[in-house]
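The report below goes from single residues and their charged partners to the protein chain as a whole. Please keep the sequence and the coordinates at hand while reading.

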Amino acid sequence: MPGAPDHETDLTAEQRQRIDAVFEDLASTDHYRLLGVPPGSDERALRRAYNERVSEFHPDRFFRKRLGPYKAKLVAIFARLEVAYDTLRSSERRAEYDAARGITPVDPEPAADPGRAKALEGLKRQLEARHAQARLLADAGSRALGLGDAAAALESYRKALALAPGDAAIRAAHDAAKQEVDQRAAVARIRQAEREERAGHWAEAVRTWEQVVVARPDDASARQRLEAARARAGRDAAGRGS
C-alpha cells in the first residue's frame, strides 16, 4: 500500500517507511518476529521488546501530529503488538500458539528453589497489580483529556508513571498531557500580560512576559512584547524619578 504524500502527514520519510514495512508484514509475520524476540524468550525479554515496540508505534506518541492514513496503520500495529505480548507472556497460550505454528518449544529450565520461586511469584503478582493500577490511572487520564481537563489528565498520568515507570505508552501520554498543560498555562500568562499592559502595570507585565518567554523560548512575538514592556516600564520609572 503506497504511503501518503509529505503534505498529508507530519511524519518523516523514515517513520513512514518503517510503519509501512511493519504494517505490510502484519498478515504474514508471527508474534516472535513482530516483537523481535526468539522463541523461548522469558517474561523480562518479552516485556522489554514490547515496550520498545510500543514506544515506536503507539498512536499516542504522535499526539497532535497529522497522521493521515498512518493513524489506521499505527492502530493496527499496536493492536497486533498487544495480542502478541498477551499471547507469549502466558505459558498456556504460548504453548498453544507454538503448537499451531509448528514452533519447537524450548526445554524448560531446571526447577528453582521452592522458597525462591514463591518469593518471585509474590513479586510478580505485586508488579502485575501495580501495572493494572497504572493502566486504570492512565485510562482515567485519557478520559480527563477527552473532557478537556489537561491538568487532571496530567496528574493521573503522573501517578500511573510512578507505578509503571517503564511503560512507554504511559510515558508518551504523560509527556503529551504535560505539553498541553504547559501550552495552556502559557496562553493564560499571555492574556494576563495583556491585561496588565492595558491597565498600565508595566512592571507586572514585564514579569509575566518573562514567564511566557521561559515557557516558549522560540516565540518571537512574546520576546518582542517583553522588550516593549521593558522599554515602557523603564520610561515610566524614569518619569516618576524626574
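## Charged pairs and overall form

R225 is partly exposed, with a relative accessible area of 28%. The model in which this residue is described is a predicted one, and the values that follow are computed from it. R225 is located in helix 10, and, when residues up to four places away in sequence are left aside, R225 touches E194, E197 and W209. A further separation can be given for E196, which lies 29 residues from R225 along the chain, with 12 Å between the two C-alpha atoms.

Helix 10, which spans residues 220–241, also holds R232 and D236, placed four residues apart, or about one turn of the helix. Salt bridges that share partners join E194, E197 and R225 into one network, and two of the residues that R225 touches, E194 and E197, are thus also members of that network. The side chains of R232 and D236 form a salt bridge of their own, with 3.7 Å from N to O. R232 is partly exposed at a relative accessible area of 34%, and D236 is likewise partly exposed, at 25%.

Side chains of opposite charge can pair when their charged atoms come close. In total, the structure holds 16 salt bridges, and the table lists three of them with the accessibility of each partner.

| Salt bridge | N to O | Partner and relative accessible area | Partner and relative accessible area |
|---|---|---|---|
| R33 and D25 | 3.2 Å | R33, 57%, exposed | D25, 19%, buried |
| E180 and R184 | 3.0 Å | E180, 10%, buried | R184, 40%, partly exposed |
| R232 and D236 | 3.7 Å | R232, 34%, partly exposed | D236, 25%, partly exposed |

Is D25 buried or exposed, given its relative accessible area of 19%? D25 counts as buried because its 19% falls under the 20% limit used for that class. R33, whose side chain meets that of D25 in a salt bridge, is exposed, with a relative accessible area of 57%.

The pair E180 and R184 sits within one helix, namely helix 8 (residues 168–198), where the two residues are four positions apart, about one turn of the helix. Their side chains meet in a salt bridge at 3.0 Å from N to O. E180 is buried, with 10% relative accessibility, whereas R184 is partly exposed, with 40%.

Two uncharged residues add to this picture. L161 has its place in helix 7, which covers residues 150–163, and counts as buried at 9% relative accessibility. Leaving out residues up to four places away in sequence, L161 touches D167, I170, R171 and H174. R64, by comparison, is 97 residues from L161 in sequence and 21 Å from it in space, C-alpha to C-alpha.

The second of these residues, Y70, belongs to helix 4 (residues 70–88) and is buried, with a relative accessible area of 1%. What separates the C-alpha atoms of Y70 and I19, which are 51 residues apart along the chain? The distance between these two C-alpha atoms is 7.6 Å.

Turning to the chain as a whole, the protein chain contains 10 helices and zero strands, so that, by the numbering of helices from the N terminus, its pattern along the sequence reads α-α-α-α-α-α-α-α-α-α. The C-alpha atoms of the protein chain fill a box of roughly 90 × 50 × 25 Å along the principal axes. The radius of gyration of the protein chain is 26 Å, where a compact globule of 242 residues would have one near 18 Å.

Of the 242 residues in the protein chain, 35% are buried. Among contacts in the protein chain with a separation of 6 or more, 59% come from residues 24 or more positions apart. The accessible surface of the protein chain amounts to about 14,800 Å², and carbon and sulfur atoms account for 52% of it. The protein chain carries 42 positive and 39 negative charges, and the mean positions of these two groups are 5 Å apart.

How values were computed. Residues numbered from 1 in each chain as written. Predicted model: local features only at pLDDT ≥ 70, side-chain atom pairs only at ≥ 80, totals over all residues. Heavy atoms only, no water. Rg over C-alpha atoms; globule rule 2.2 N^0.38 Å. Buried < 20%, exposed > 50% of the residue type's maximum accessible area, 1.4 Å probe, protein only. Contact = heavy atoms within 4.5 Å. Areas by Shrake-Rupley, 256 points an atom, 1.4 Å probe, with all protein chains shown as cover. Lys, Arg positive; Asp, Glu negative; His and termini not counted. Charge placed at Lys NZ, Arg CZ, Asp CG, Glu CD. Salt bridge = Lys/Arg side-chain N within 4 Å of Asp/Glu carboxyl O.
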